[in-house]
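I set out to record how the helices of this chain pack against one another. The entries below follow the order in which I looked things up.

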Amino acid sequence: MAAAEKTADKNMGGARAPFYAPVSDECDIFEAAERHGLPLLLKGPTGCGKTRFVSHMAVRLGRPLYTVACHDDLSAADLVGRYLLKGGETVWVDGPLTRAVREGAICYLDEVVEARKDVTVVLHPLTDDRRILPLDKTGEEIEAAPGFMLVASYNPGYQNILKTLKPSTRQRFLSIDFDFPTHDREIEIVTRESGLDVSRTTSLVRLANKLRGLKGQDLEEGVSTRLVIYCATLIEDGMSVDRAIRAAMIEPLSDDEDVKRGLMDLVTAIY
Ligand code: ADP
C-alpha cells in the first residue's frame with residue numbers, strides 16, 4: 001500500500017483550478033462523463049497534459065481527487081486496501097480507490113497498464129452499471145457513492161504487447177485521444193508555464209515539432225510538452241539555449257551517441 005498511498009494526493013475543491021489550455025472538446029466530454037458517473041480513459045503520449053487536465057477538471061467541478069501513479073509493482077491491494085497491524089491490533093485500512101468510492105470522489109489511475117493484472121479485476125465491477133467495489137478481504141461490497149468517477153490514462157505508443165489494455169477493459173471506458181497541443185496552443189502553454197518570451201518559445205516549439213517528426217525513425221517517443229517547458233524554464237533562468245536544449249530536449253530522448261549527434265545537427269540547422 002505504501003507506494004500507492006505516497007502518490008495518492010487528495011485535492012479538495014475551493015482552490016483555483018490549475019491552468020489548462022483545452023486542445024479540443026475534452027472538457028465537455030469530461031463534464032458529461034462526470035455528470036453520468038461514466039469511467040473515462042485518457043490515451044496519449046507522456047507529458048502531453050493528461051494529468052494536468054484531470055487536476056484542472058477536478059477543481060473546476062469542485063470534486064475531490066485521488067491520484068495514483070501506477071507502476072509495475074502496484075497491486076489491487078494497493079488500490080483497495082489491506083489489513084495492517086496497528087498497536088497490536090489488526091485493522092483494515094482503505095486504499096485510495098476505496099476511499100474515492102466511499103466518498104464519491106474522482107480516482108485517477110495514471111498509466112494504468114503499468115499496474116499488475118489483478119487491478120483489472122477490481123476495476124470491472126466499478127466500470128459497469130453495478131458501480132460496486134467488492135472487498136474480498138472484509139466481505140464488504142461497496143456501492144460507489146454518487147459523484148464517484150474513475151479516470152485512467154495510458155500511453156498506447158509504448159509498443160509492448162504485455163502492456164496494452166485488453167479490449168474487455170478498454171470497452172468499459174469512454175475514451176479521449178490526447179496528443180501534443182497544436183503549434184499555437186503549445187506556444188501559449190510553454191510561455192505561460194516557463195515565463196519565457198513568446199519569440200524564444202516559438203523557436204523551441206518549432207524545434208519540438210521537428211523532433212517529433214523523427215518519431216519511429218530514430219526515436220521511440222517524440223519530445224513532450226513537459227520537456228519543452230523544462231527547456232524554456234532553463235533558458236528563462238539564464239542558461240544558454242544550446243545547453244538547455246541538450247539537457248531538456250536531446251539527452252532525455254536517446255542514449256545513442258549517433259542519434260544524439262543527429263538531433264543536435266537538426267538543432268543547429270534550425271537555430
Ligand atoms: P501527462 O500526464 O500526459 O504525462 P502532464 O499533465 O504531467 O502530462 O503534462 C506535463 C506538463 O505539460 C504539465 O505540468 C503542464 O505544465 C504542461 N501541459 C501540457 N499540456 C497542457 C495543457 N493543455 N494546458 C496546460 N498545461 C499543459
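**Entry 1: Overall fold**

I counted 12 helices and 10 strands in the protein chain. I then looked up the radius of gyration, which is 21 Å, close to the 18 Å from the globule rule for 271 residues, so the chain is as compact as a globular protein of that length. The C-alpha trace spans about 65 × 40 × 35 Å along its principal axes. I note that this is a predicted model.

**Entry 2: The annotated domain**

I consulted UniProt, where an unreviewed entry places the feature "domain: CbbQ/NirQ/NorQ C-terminal" at residues 186-269. I found this span to be 70% helix and 0% strand, with its end C-alpha atoms 22 Å apart.

**Entry 3: α8 and α9**

I examined helix α8 (residues 183-194) against helix α9 (residues 198-212); their axes come within 9 Å and cross at roughly 125°. An angle between 115 and 145 degrees counts as oblique, and α8 and α9 are therefore oblique to each other. Their crossing is right-handed. From α8, the residues in contact are His183, Glu186, Ile187, Val190 and Thr191, and they meet Val198, Thr201, Thr202, Leu204, Val205 and Asn209 of α9. By class, I recorded five nonpolar, five polar and one charged residues in this contact.

**Entry 4: α8 and α10**

I next took α8 with helix α10 (residues 225-236), where the axes lie 9 Å apart and the packing angle is about 45°. This pair, α8 and α10, is therefore also oblique. The crossing of α8 past α10 is right-handed. On the α8 side I listed Glu186, Ile189, Val190, Glu193 and Ser194, and on the α10 side Thr225, Val228, Ile229, Ala232, Thr233 and Glu236. The classes here are five nonpolar, three polar and three charged residues. I noticed that Glu186 and Val190 of α8 appear in the contact with α9 and again in the contact with α10.

**Entry 5: α9 and α12**

Which residues does α9 bring to its contact with α12? I began with the geometry: the axes of α9 and helix α12 (residues 257-270) come within 11 Å and cross at roughly 140°. That angle makes α9 oblique to α12. The crossing of α9 and α12 is right-handed. The residues sought are Arg206, Leu207, Lys210 and Leu211 of α9, which face Leu263, Leu266, Val267 and Ile270 of α12. By class, I found six nonpolar and two charged residues in the contact of α9 with α12, and no polar ones.

Technical notes: Residues numbered from 1 in each chain as written. Predicted model: local features only at pLDDT ≥ 70, side-chain atom pairs only at ≥ 80, totals over all residues. Axes fitted to C-alpha atoms, helices over the stretch in contact; angles between N-to-C directions. Helix = DSSP H or I, 4+ residues; strand = E, 2+ residues; numbered from the N terminus. Parallel < 35°, antiparallel > 145°, perpendicular 65-115°, else oblique. Left-handed = near helix turned anticlockwise from the far one by under 90°. Contact = placed C-beta atoms within 7 Å. Nonpolar A, V, L, I, M, F, W, Y, C, P; charged D, E, K, R; others polar. UniProt positions renumbered as here; feature names shortened; annotations may be inferred. Rg over C-alpha atoms; globule rule 2.2 N^0.38 Å.
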